[in-house]
Amino acid sequence: MSNWFETLSGLHLQVWDTLVQGVIDPNHPARKPTFATVSADNWPEARTVVLRGSDSEAATIWVHTDLHSDKINSLRKTPRAAFHIWDNAQDLQIRLQVEVTIQSGASVRRIWDNIPDHSRQSYGVTPPPGRAIADALDYVKKPDPDIFAVLECRIFYMDVVHLGEDHRRAAYSRSNDWAGQWLSP
């Protein structure tokens, strides 16, 4: 029997297992991936987000955000982004290229209704995120379902590296029905 990282299909399945674990386990390294966009003035931006959902059949993952966050302006101009996950325990790096759809309002109200109050605090701050304030705590949190958004991230490309005793790297793309291709690490 081979290890998961020795076959293209095993590596691909491990990526999805890792993403699922990131959704369900608050302590898993995939829970808080780095999310990168291009700003409205064409600068790269990277920040940590919380993985909220994954669907291997649709090759889609979801994160939540505030409609007033800088990433929304960036995504409205360029609705593409990248995720980076490093899982030290598995020696696994996952990079994803995604196309992002911003969902808000009535279409995400059911999701909002299921978010615990302590998490809702992240969606509604005055002044809006990224604005200058006089002191570090000179803001007010007021949860607001009207500024809550879900980012639906449809994966188009995966670049996966396993840094075990022998390094292995593979690419998977939606256009190739996720067949996979080994790459030089």
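## A tour from hairpin to pocket

Start by selecting the hairpin of strands E1 and E2, where five residues lie between the strands and where Asn42 takes a positive phi near 70 degrees. Keep in mind throughout that the model in your viewer is predicted.

Next, colour strand E1, residues 34-38, together with E2, and follow how the two run antiparallel, joined by five bridges. To see one of these pairings, select Phe35, whose bridge partner in E2 is Arg47.

Stay with E2, residues 44-48, and show its side chains: Glu45 and Arg47 make up the covered face of the strand, whereas Pro44, Ala46 and Thr48 make up the uncovered one.

From Thr48, move on to the largest pocket, since Thr48, Val49, Val50, His64 and Tyr123 are the lining residues that lie nearest its centre, out of 16 that line it. The space in this largest pocket comes to about 290 Å³. If you now select E2, strand E4 (60-66), helix H2 (70-77) and helix H4 (117-120), you will have the elements that each supply at least two residues of the lining, and among the contributors E4 gives the most, with three residues. Colouring the lining by residue type will show three nonpolar, seven polar and six charged residues.

Finally, select helix H1, residues 8-24, whose 17 residues reach 25 Å from the first C-alpha to the last, which is close to the 24 Å expected at 1.5 Å a residue. Looking along H1, pick out its buried residues, which include Leu11, Val15, Trp16 and Leu19, and also Gly10 and Gly22.

Notes
Residues numbered from 1 in each chain as written. Predicted model: local features only at pLDDT ≥ 70, side-chain atom pairs only at ≥ 80, totals over all residues. Heavy atoms only, no water. Buried < 20%, exposed > 50% of the residue type's maximum accessible area, 1.4 Å probe, protein only. Helix = DSSP H or I, 4+ residues; strand = E, 2+ residues; numbered from the N terminus. Pairing = 2+ DSSP bridges. 1 Å grid on protein atoms, 1.4 Å probe; cavity = no way out; pocket = protein on both sides within 12 Å on 5 of 7 lines; lining within 4 Å. Points joined across faces, edges and corners; volume = space filled by probe spheres on them. Nonpolar A, V, L, I, M, F, W, Y, C, P; charged D, E, K, R; others polar. Expected span 1.5 Å × (residues − 1).
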